[in-house]
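Open the model in your viewer and keep the selection tool at hand, since this tour moves from one selection to the next.

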Amino acid sequence: MRALRLGTRGSALAMAQSGQVADALTAATGRAVELVEVVTAGDRSTAPVQRLGVGVFVSALRDALTAGEIDFAVHSYKDLPTAAHGGLHIAAVPRREDPRDALITRDGRTLAELPPGATVGTGALRRIAQLHALGLQLTVTPIRGNVDSRVRRVLGPDADLDAVVLARAGLTRLGRVGEISETLDPMLMLPAPAQGALAVECRVDDPELIELLAVLDHAPSRAVVTAERALLATLEAGCSAPVAAFAELAEGDDGDEIYLRGAVVSPDGTRDLRLSRTGTPADAEGIGKALAADLLDRGADSILGQPEQSGPGTQQFGSTE
Ligand SMILES: NCc1[nH]cc(CCC(=O)O)c1CC(=O)O
């Protein structure tokens, strides 16, 4: 049988997560998987991610998939636009990595130990907003680039920042957890919806592959991610302000229970709305929608503001990261 073609971006993180999924699929099914590199507009551009929209990292992979140049693709789930993509199907959500954000500092200091005026780099509006909301007089500096270049801003020979905030999952996948100074408590820094999760996507008209990829699916991870993404989809309505969401699965008295927390924070951190809801995993989507409605009732839309006048390609996915 021919090898399955797994399309991937060429970044170290994308190669690592695609390689891990390829190995897991081969181990579970015996099928050979070949990695096919796809260059995306996001990899070529140096513009701020907020301007481009995170979808730039995804669309080239989806185009290659639709065109039949590759058989399936692995995405960081949080980078996927919330709108469904016609003709494509998320065949598996593998077991999620730790969804929390991580702080890397030059001298191992924690967030609470950073002095007033310390410089903290991050690209995501969601993280910028929550850092400001802590009221620690941190100087938050927008940065972008791949994981390695962001870590070098703190630990490299030409370091120019005191700290950076990154997803813990990315560092884990790159074998760099040892560089983390503090894993941030979601009480302080609620992660992005679906952070730490992967989406394994193929064509709807490829039922054999859909069936094969199902071995990689981890139902509890899919349930929590579904709740978080439903919250985001309901809130986003074209705006580009920070939305954070984190769902956990816990054992309740009457079976499993999802506990979903959501936050909407103004970019300067002065308005910080946090609410939570619980429900059953079977109703993951309903919990997300209901929590979004609660947040809107409490004024989330005035924090989120008007939809930005955005350039081509940013409308559908100008959301959180
Ligand atoms: N924003 C970019 C991005 N997209 C996915 C990850 C890795 C973590 C994940 O898989 O959720 C990262 C890096 C980061 O946020 O530090």
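Begin by selecting the ligand together with Ser 76, Leu 166, Ala 167, Gly 170 and Gln 195, which come nearest among the 10 residues around the ligand in this predicted model. By class, the shell around the ligand has three nonpolar, four polar and three charged residues. Next, colour β8 (163-167) and α7 (168-173), each of which supplies at least two residues of that shell. Where does the shell lie with respect to domain 1 and domain 2? Domain 1 (4-95 + 197-217) and domain 2 (101-183) both give residues to the shell, so it lies between them.

Now move along the chain and select the open sheet of three strands, whose order is β11-β12-β13 and whose pairing is antiparallel. The strands β11 (243-252) and β13 (272-279) stand at the edges with a single partner strand each, so one side of each has no neighbour in the sheet. From one strand to the next, the twist averages 15 degrees. If you show β11 with β12 (residues 255-265), you can follow 10 bridges between these two strands, and you will find Glu 257 of β12 as the bridge partner of Ala 250.

Add helix α9, which packs on the sheet and touches β11 and β12, and then add helix α10, which packs on the sheet and touches β12 and β13.

Finally, select α9 (residues 219-236) and α10 (residues 284-297) by themselves: they pack at an angle of about 35 degrees, their axes 7 Å apart, and their crossing is right-handed. Residues making this contact include Ala 223 and Leu 231 of α9 and Ile 287 and Leu 291 of α10.

Note on methods. Residues are numbered from 1 along each chain as its sequence is written. This is a predicted model: local features need pLDDT of at least 70, side-chain atom pairs count only at pLDDT 80 or more; totals for chains, interfaces and linings use all residues. Axes are lines fitted to C-alpha atoms, for helices over the stretch in contact, and angles run from 0 to 180 degrees between N-to-C directions. Helices (H or I, at least four residues) and strands (E, at least two) are DSSP runs, numbered from the N terminus. A crossing is left-handed if the near helix is turned anticlockwise from the far one by less than a right angle, and right-handed if clockwise. Two residues are in contact if their C-beta atoms, placed from the backbone, lie within 7 Å. A residue is near a molecule or strand if its C-beta atom, placed from the backbone, lies within 6 Å of it. Ala, Val, Leu, Ile, Met, Phe, Trp, Tyr, Cys and Pro count as nonpolar, Asp, Glu, Lys and Arg as charged, and the others, Gly among them, as polar. Domain bounds come from an automatic or database domain assignment. Two strands pair if DSSP finds at least two bridges between them.
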